[in-house]
Amino acid sequence: MTQQSDENYLTTAEVARRLKVKPETIYAYVSRGLLTSVRARGRRGSLFAIADVERLASRSVEHSGVVEQIESALTLLEDDELYYRGHSVRDLAINSSVESVAHLLWTGELTAQQPFPAPRESVQLARAAMNVLPGSARLTDKLRVAVAALGAADPMRFDLAPRSVTSVAEKLIGTLIAALPGPSVTTRATLGARLWPKLSPHPPRPEVLEAAMILMADHGLAVSTVAARVAASARANLYAVVSAGLGALDGQYHGAAPTLAYEFLERAQQDPLAALSDRLRSGEPVPGFGHRIYQERDPRAEVLGELLGDHPITETVSVLAARLPSFPNSDLAVAAMMHAFDFRPDAGDALFALSRIIGWTAHALEEYAAPPLRYRAQGIYTGPPS
């Protein structure tokens, strides 16, 4: 048994100072196999080999495994504006393609890009997986099973090199759009042009759909993005990362928000004040209004609202906004777009999911470049005593 004075060992307190973490964090490292402890002879406590501590320190581990702040170079939310790598999302939504903005988030370069591919065999596999589901399945249900099937069929999915990851993301997004039920458009068309006939019977307005995809591609550390980053931190492949994001997105407080706003706006078109009155009487928040981060306006909602022009649905939104102290958010703007062009009722969730795959890929690339297994919640035991 090692003596406490052994110059090759450090006490828990000494290790904590060396790694700049709390003492209890040291035992989290032990449970994760990052450090090995030995019992100190003649006194309580543990000792740790200096060589192991220095090896851990050399990996720049300065966190407890309980990550409360995550550094990211992707998205900035500041003064009620949204930026991707320093570029205003308002400008990107109007002047850039979805493919170009995706590569901006993935690589930091805003350049013209070719349409995302949709290989025939991949589309066939995705459709086959989607067709297994019952007729009541939503579009997001179809996306989830298709992502799992495509991942299982890709023998190179564990190649996490940046270019390999972005190539997978391009094919995944292109394939998912092509595989959705509805008329297909040539893969030489833009993503917006290919997705439009899947969602709406109206004459195509791909610029509106592409703007929406750009506006929703990323929004910082939303819950689904954190889920995706945790999976990437464990070095899950991109399909698994996207599956993690889709799982979190399926919650009623996240990905379902556009559908809730759509249903509320459907009632409000008939009688805005009655719909608003009933909602207020219920004590529930009014769907599509206000935001946890934005204080006075949601720039995404403003851009989409401008693209809808003088469509009658915008008057309904204005009547509602005039009666509320808060402002329309992107969920209401997407719902308004859905009503303006008769999108299928589950289109909002699917649009959100397809758009956010772009952001999840960008966050996964950041995680792949960071030390693995960075996330471990510090549990506080509340059960019966031992």
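**Notes on a predicted model: sheet, helices and rings**

1. Let's start with one strand pairing: β2 and β3 (residues 46-49) run antiparallel, and 3 bridges join them. Within this pairing, Arg39 sits opposite Ser46 of β3, while Ser37 has Phe48 as its bridge partner in β3. Keep in mind as you look around that this is a predicted model.

2. Now the other side of β3. Here β1 is the partner, again antiparallel and again joined by 3 bridges. Tyr9 is matched with Ala49 of β3 as its bridge partner. Put the two pairings together and you get an open sheet of 3 strands in the order β1-β3-β2, paired antiparallel. Why is one side of β1 and of β2 left without a neighbour in the sheet? Each of them, β1 (9-11) and β2 (37-39), stands at an edge and has a single partner strand, so there is nothing from the sheet on its other side. On average, neighbouring strands of this sheet are turned by 45° against each other, direction ignored.

3. Something does pack on this sheet: helix α1 (residues 12-19), which touches β1 and β3. The direction of α1 makes about 95° with that of β1. As for β3, Ser46 and Phe48 point one way, Leu47 and Ala49 point the other way, and all are buried.

4. Stay with α1 for a moment. Which of its residues are buried? They are Thr12, Val15, Ala16 and Leu19. Looking down the helix axis, you'll find these buried residues within an arc of 100°, so they line one face of α1. Just after the helix comes Lys20, which has a positive phi, near 60°.

5. Time to zoom out. The protein has 386 residues, and 49% of them count as buried. There are 18 helices and 6 strands, and the C-alpha atoms fill a box of roughly 80 × 50 × 40 Å along the principal axes. Take the contacts between residues at least 6 apart in sequence: 71% of these join residues at least 24 apart.

6. Helix α7 (residues 139-152) is worth a look. From its first C-alpha to its last, this 14-residue helix reaches 20 Å, close to the 20 Å expected at 1.5 Å a residue. Is α7 largely enclosed or largely open? Largely enclosed by the rest of the structure, because 10 of its 14 residues are buried. Among them are Leu143, Ala146, Val147 and Leu150, along with Asp141 and Lys142. As for what surrounds α7, its buried residues pack against α6 (120-131), α8 (162-179), α9 (191-199), α12 (238-249) and α18 (347-368).

7. If you want one residue to click on in this region, try Val242, which lies in helix α12. Val242 has a relative accessible area of 0%, so it is buried. Leaving aside neighbours within four places in sequence, Val242 is in contact with Val147, Leu172, Ile357 and Trp360. Val147, you may recall, is one of the buried residues of α7. From the C-alpha atom of Val242 to that of Thr225, which is 17 residues away along the chain, the separation is 9.3 Å.

8. On to the aromatic rings, where the count comes to 4 pairs. Take Trp106 and Phe116: their ring centres are 5.9 Å apart and their planes meet at 15°, under the 30 degrees used as a cut-off, so the pair is stacked. Trp106 belongs to helix α5 (residues 98-107) and Phe116 to the loop between α5 and α6, 10 residues apart. Both Trp106 and Phe116 are buried.

9. The pair formed by Trp196 and Phe341 has another geometry to look at: it is edge-to-face, with 5.2 Å from centre to centre and 65° between the planes. Trp196 is in helix α9 and Phe341 in the loop between α17 (330-340) and α18, so this pair links parts of the chain 145 residues apart. What relative accessibility does Trp196 have? The value is 1%, so Trp196 counts as buried. Phe341, at 10%, counts as buried too. Finally, Phe343 joins in: ring pairs link Trp196, Phe341 and Phe343 into a cluster.

Note on methods
Residues numbered from 1 in each chain as written. Predicted model: local features only at pLDDT ≥ 70, side-chain atom pairs only at ≥ 80, totals over all residues. Heavy atoms only, no water. Pairing = 2+ DSSP bridges. Helix = DSSP H or I, 4+ residues; strand = E, 2+ residues; numbered from the N terminus. Axes fitted to C-alpha atoms, helices over the stretch in contact; angles between N-to-C directions. Contact = heavy atoms within 4.5 Å. Expected span 1.5 Å × (residues − 1). Buried < 20%, exposed > 50% of the residue type's maximum accessible area, 1.4 Å probe, protein only. Phe/Tyr/Trp six-rings, centres within 6.5 Å; stacked < 30°, edge-to-face > 60°. Arc of directions from axis to C-beta.
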